[in-house]
Amino acid sequence: MRPLRTPPVRRLAASVLAAAALLLASAAPPAPGVDDALIAGDTLPQRLSEFRFFIDGRPNRRVVRYQLNTPLFSDYADKDRFIYVPAGSRARYGADGAIDFPVGSALIKSFSYPADARQPDGPRRTVETRVLLRRASGWVALPYLWSGDDAVLRRGGARLEIGWTDKAGRARTVSYGVPNANQCKECHQSAGALVPIGPKARNLDDGHQLGALAAAGLVDRAPPGLAAMPRADDPAAPLAARARAYLDINCAHCHSRAGMASNSGLYLGFDEPDPVARGRLKRPVAAGRGSAGLAFDIQPGAPDQSILLHRMASTEPGIAMPELGRTLTHDEGVALIRAYIAQMK
Amino acid sequence: MAAPAAILSCAFLSAPVAARVIAVAPGPDAQARLQEALIDARPGDTVTLGAGRFELTDGLSLDVDRVELRGAGPDRTVLSFKGQQGAGEGLLVTSDDVVLRDFAVEDTRGDGIKSKGADRIVYHNLRVEWTGGPKATNGAYGVYPVSSSDILVDKVVVRGASDAGIYVGQSRNIVVRGSIAEYNVAGIEIENSYNADVHGNVARHNTGGILVFDLPNLPQTGGHSVRVFANQITDNDTPNFAPAGNIVASVPTGTGVMVMANARVHVFGNTLAGNGTTNVLLVGYREAFDDKAYNPLIREVVVRDNVHGRAGYAPAFPGGAELAAAMGGTLPPIVWDGTGERVVARDKVTALTLALSDPRQPLTAARPAPARFPDGALPGEPAPVVLPAGMAERIR
């Protein structure tokens, strides 16, 4: 049942095996696909398995793994992401590269921690799976908490103590916050409507993924001229573009003119043209003690005088940004934004 | 309690769904039980909070229209966020026509109760408090409606906010009445907002009592039409404990009413005393800004018919003591930077002008003198704020 994290090599082997199994079992009736009626209906399925997104831990038909150029940091959890689009339809591109999913689609994201990050294929604890269901009424966000062989709907949120060994061999712990269903909406809302965050063309475009999704029949062919966002961890990409990609995916879902933090006047979308709105010499409005006694969100050339970096580096509720989904500091993200502000003139 | 809710459901819902009462008691797993009740509520429902302490670990949020969240009283039902591990506020409301009443929120790590894009919200008989007294580590705002239309804050007590106790930002059509704000940096603040009546409140022992501000580089600027009347604004003597960088960190300790960069603000019929800097401070925005739409000056500001007690005996801004010495020991109860248009004070006390030509000038450029204001008709008073029918009735 559990959507096991499968590294590329193993995925290849698995698909070869699956193909062989399919040949051997060609006389048997095909396994049931994803439950389309459940996605598009108006119930709140209590168990993740009811959707049949995964069969024996493997993605069902038309459930396709995808990756983001730059992901949202979630307390060092690994994330496995899947798109499902029902047979007979496909997602289409909007004018700005946003992807419009047809009713009956789903986005599925599982959060897991390895026992030891130096052995990513070793034992692993899957904590939760969040699904976004595209219904006629709009998107619906449901968090499922894993327990045994299935995940159970938990709309009220939860805190879990989780330990793992990180890539440097250090023992780490996190008080992991499973968001409640409203908190899902806080980040996923734009102008009052629930929307996906990650799967935009510019954040999916790694040179071949858009083509693969089209070939799988899930998404239209990408229109020409879409500009890809760089990977925040790609040392070959320009620093400012990497930093702005990082801020886009980690901050701009709230810090945009249509987001939860619209009243802040701080807008961190990749395309934001106004330097003051991007934080440059911008005074805080409702930062409270988040300001740490500093005058500006970004003081060019002075990362340690910049509220934005201070709040990214803090783990204290009321100061820490993002407000949801982070209780640890993302050291790599802080280093990136530090370098970005340091080189600003 | 179910009866009025049922009546509301008949009035508003087309489908004949009976309004329900969802009762939540304090105790183990309060976080998830209360949050699930707030998610499960349907429009017209009432979620009741039992008497006792709810020990919460994360922020709560409500996103369903026409829900009433009701406790057993602000001293009997306490939502305690002492153990809060996440979220920027204690309770967040993002839906319309919500009533919050009869409970307390204590010791949130960020703001107390925030409502954003939540029209026709009623805050009634609530207490929001940081129980350790005024501290820079307290959350910023106690009651924090923002980006909304039609707001009623009634009979609310806020203590200890490191920014403003009651803060209304970027909103329109606002009534703040019958409330007590004490031991905050700012008691009550109306910022970048249109049409507000602030009356019948007590603002005491804050750094500044009642502030009416406008700031640049925000989605809604050009704050205007605010009436501050019949309030008790006394003994605002708590040393400013706001973290620097925030605009209220620049409010001098001992300020009664402060009007900054707003238009059509009328301050009348208040009792002002015991404010060591001054009772009424009228100024433009002093910082540099890059926002072509922003007007840093005060315009059409009227101060009349207020009762003034002792003030100006401990001016807490740089150069204030020297200025007071030059004035004979104390500052007058009304201090104006001298900038702006159609600024008129008609109280029976002396007003001081600093005679600056630009609000950004340093105080060394001041030429302090008794202010003279034009006789004749006062700038027109903003019309009283009228809230939509039914809003105030929900708390009768």
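This report walks through a predicted model of two chains, A and B, from their interface to strands and salt bridges.

## Where the chains meet

Let's start with the interface. Chains A and B bury about 3200 Å² between them, and 47% of that is on carbon and sulfur atoms. Chain A puts 39 residues into the contact, while chain B puts in 45 residues.

On the polar side, the rule picks out 6 salt bridges across the interface of chain A and chain B. A:Arg159 and B:Asp58 meet in a salt bridge through their side chains, at 2.6 Å from N to O. There are also 22 residue pairs in polar contact across the interface of the two chains, both partners at pLDDT 80 or more. On the side of chain A that touches chain B, helix α3 (residues 181-188) of chain A gives the largest share, with 5 residues. Sorted by class, that side of chain A has 13 nonpolar, 16 polar and 10 charged residues.

## A buried arginine with contacts in both chains

A:Arg155 sits in the loop between β10 (150-153) and β11 of chain A. Its relative accessibility is 16%, so it counts as buried, the cut-off being under 20%. Setting aside neighbours within four places in sequence, A:Arg155 is in contact with A:Leu44, A:Leu142, A:Pro143, A:Asn180 and A:Ala181, and also with B:Glu36, B:Ile39 and B:Asp40.

## The β11/β12 hairpin of chain A

Just past that loop come two antiparallel strands of chain A, β11 (residues 158-165) and β12 (residues 171-178), joined by 8 bridges. A:Gly163 stands opposite A:Thr173 in β12(A). The hairpin has 5 residues between its strands, and A:Gly169 takes a positive phi near 85 degrees there.

A salt bridge also turns up here: A:Asp166 pairs with A:Arg170, with the closest N and O atoms 2.9 Å apart. A:Asp166 counts as buried at 7% relative accessibility, whereas A:Arg170 is partly exposed at 46%. Elsewhere in chain A, A:Asp116 forms a salt bridge with A:Arg118, again with a closest N and O separation of 2.9 Å; A:Asp116 is buried, with a relative accessible area of 14%.

## The sheet in chain B

Over in chain B, 12 strands make an open sheet with mixed pairing, in the order β4-β7-β9-β11-β13-β16-β19-β22-β25-β28-β30-β31. Its edge strands are β4 (60-62) and β31 (369-370), each pairing on one side only.

Within chain B, β25 (residues 278-283) and β28 (residues 334-336) run parallel and are joined by 3 bridges. Here B:Leu282 stands opposite B:Trp336 in β28(B).

## Charges in chain B

Over all chains, the count comes to 42 salt bridges. One of them joins B:Arg304 to B:Glu381, with the closest N and O atoms 2.9 Å apart. This pair links distant parts of the chain, 77 residues apart: B:Arg304 is in strand β26 (residues 299-304), and B:Glu381 is in the segment after β31. B:Glu381 is partly exposed, at 35% relative accessible area.

Chain B also has a network of salt bridges linking B:Arg53, B:Glu55, B:Asp75, B:Glu106, B:Arg127, B:Glu129, B:Arg159, B:Glu182 and B:Arg204. Take B:Glu55, which lies in strand β3 (residues 52-55) and is partly exposed at 47%. Its side chain makes a polar contact with the side chain of B:Arg53 at 3.3 Å. Not counting residues up to four places away in sequence, B:Glu55 touches B:Ala30 and B:Ser80. B:Glu55 and B:Lys82 are 27 residues apart in sequence, with a C-alpha to C-alpha distance of 7.6 Å.

Note on methods: Residues numbered from 1 in each chain as written. Chains lettered and ligands numbered in written order. Predicted model: local features only at pLDDT ≥ 70, side-chain atom pairs only at ≥ 80, totals over all residues. Heavy atoms only, no water. Helix = DSSP H or I, 4+ residues; strand = E, 2+ residues; numbered from the N terminus. Buried < 20%, exposed > 50% of the residue type's maximum accessible area, 1.4 Å probe, protein only. Contact = heavy atoms within 4.5 Å. Polar contact = N/O pair within 3.5 Å; in protein donor to acceptor, adjacent residues only side chain to side chain. Buried area = accessible area lost by both parts, 1.4 Å probe. Salt bridge = Lys/Arg side-chain N within 4 Å of Asp/Glu carboxyl O. Nonpolar A, V, L, I, M, F, W, Y, C, P; charged D, E, K, R; others polar. Pairing = 2+ DSSP bridges.
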